[in-house]
Amino acid sequence: MDFQKELNAEYDRETAKTRKMFEALPDEVDFTYKPHPKSMSLGQLAGHLSDSAGDWASHTLTTDKLEFPADHKFEQYIPASKAALLEKFDTQVAKAKADLAAFSPDNWDNNWKFVAGGQAWIDEPKYQVWRNWVVNHLVHHRAQLGVYLRLLDAKLPGTYGPSADGM
């Protein structure tokens, strides 16, 4: 089995499924919508999902550490529109796909760290970061997006088979 080829194919499949979910958002969606007071807004969730598939994936592949100082003010991407979300997602994913294609399989065992305020939050081999914090994280938040879509009475696309909406 060509391990690298399989990782590329899996990333392609999962990002395509994520794009289908983004496409299912109503054109005039309210990105401030929250299904519960403790939930992220739809805009926060969609932005996080896009960044996870794109920038986070690229950082995992192209750096050994992502570090923010204690006083770092994180500015989360919140899309202004569905079109803006799709454009940013496509741009980020294209870069991450190129980074993955260029990534040497010999580097999967290299360590990767995420440090914020001097505390290491992630300190694992790059393969574990890719698996847990890119692919699995993408699937997890995409499922959350599916719940938001259902609560907004939008039609859900199938991801691992058809949905109840026949899509």
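Leu 45 sits in helix 2, which covers residues 42–62. Helices here are DSSP runs of H or I with at least four residues, strands are runs of E with at least two, and both are numbered from the N terminus. The model is a predicted one: local features need pLDDT of at least 70, side-chain atom pairs count only at pLDDT 80 or more, and totals for chains, interfaces and linings use all residues. Residues are numbered from 1 along each chain as its sequence is written, and side-chain values use heavy atoms, with hydrogens and water left out.

Leu 45 is buried, as its relative accessibility is 0%. Buried means under 20% relative accessible area, exposed means over 50%, and partly exposed lies in between (1.4 Å probe, protein chains only). Leaving aside residues up to four places away in sequence, Leu 45 touches Met 40, Gln 76, His 141, Gln 144, Leu 145 and Tyr 148. Such a contact requires heavy atoms within 4.5 Å. Tyr 148 is 103 residues from Leu 45 along the chain, yet their C-alpha atoms are separated by 9.6 Å.

Leu 7 belongs to helix 1. This leucine is also buried, with a relative accessible area of 3%. Its partners, again not counting residues up to four places away in sequence, are Leu 100, Trp 108, Tyr 127, Trp 130 and Arg 131. The C-alpha atoms of Leu 7 and Ala 101 are separated by 9.6 Å, with their positions 94 residues apart along the chain.

Glu 28 lies in the loop between helix 1 (3–23) and helix 2. Glu 28 counts as exposed, at 75% relative accessibility. In sequence, Glu 28 and Ser 81 are 53 residues apart. In space, their C-alpha atoms are 7.5 Å apart.

The protein chain contains 4 helices and 3 strands. Their order along the sequence is α-α-β-α-β-β-α. Strand 2 (residues 111–116) and strand 3 (residues 119–125) run antiparallel and are joined by 6 bridges. Strands count as paired if DSSP finds at least two bridges between them. Lys 113 stands opposite Asp 123 of strand 3. The two strands, 2 and 3, form a hairpin with 2 residues between them. In its turn, Gly 117 has a positive phi of about 60°.

A positive phi also appears at Asp 153, with a value near 65°. Most residues other than glycine have a negative phi. Asp 153 is found in the segment after helix 4 (126–151). Asp 153 is exposed, with a relative accessible area of 71%.

Overall dimensions were computed next. The chain has 167 residues and a radius of gyration of 17 Å, which agrees with the value near 15 Å for a compact globule. This radius is taken over C-alpha atoms, and the globule rule is 2.2 Å times the number of residues to the power 0.38. Along its principal axes, the C-alpha trace spans about 45 × 45 × 25 Å. Of the 167 residues, 42% count as buried. Among contacts with a separation of 6 or more, 73% join residues 24 or more positions apart.

The accessible surface comes to about 9000 Å², and 54% of this belongs to carbon and sulfur atoms. Areas come from the Shrake-Rupley method with a 1.4 Å probe; for residues, only the protein chains shown count as cover. The chain carries 19 positive and 24 negative side chains. Lys and Arg count as positive and Asp and Glu as negative, while His and the chain ends are not counted. The centres of the two sets lie 4 Å apart, each charge being placed at NZ of Lys, CZ of Arg, CG of Asp or CD of Glu.
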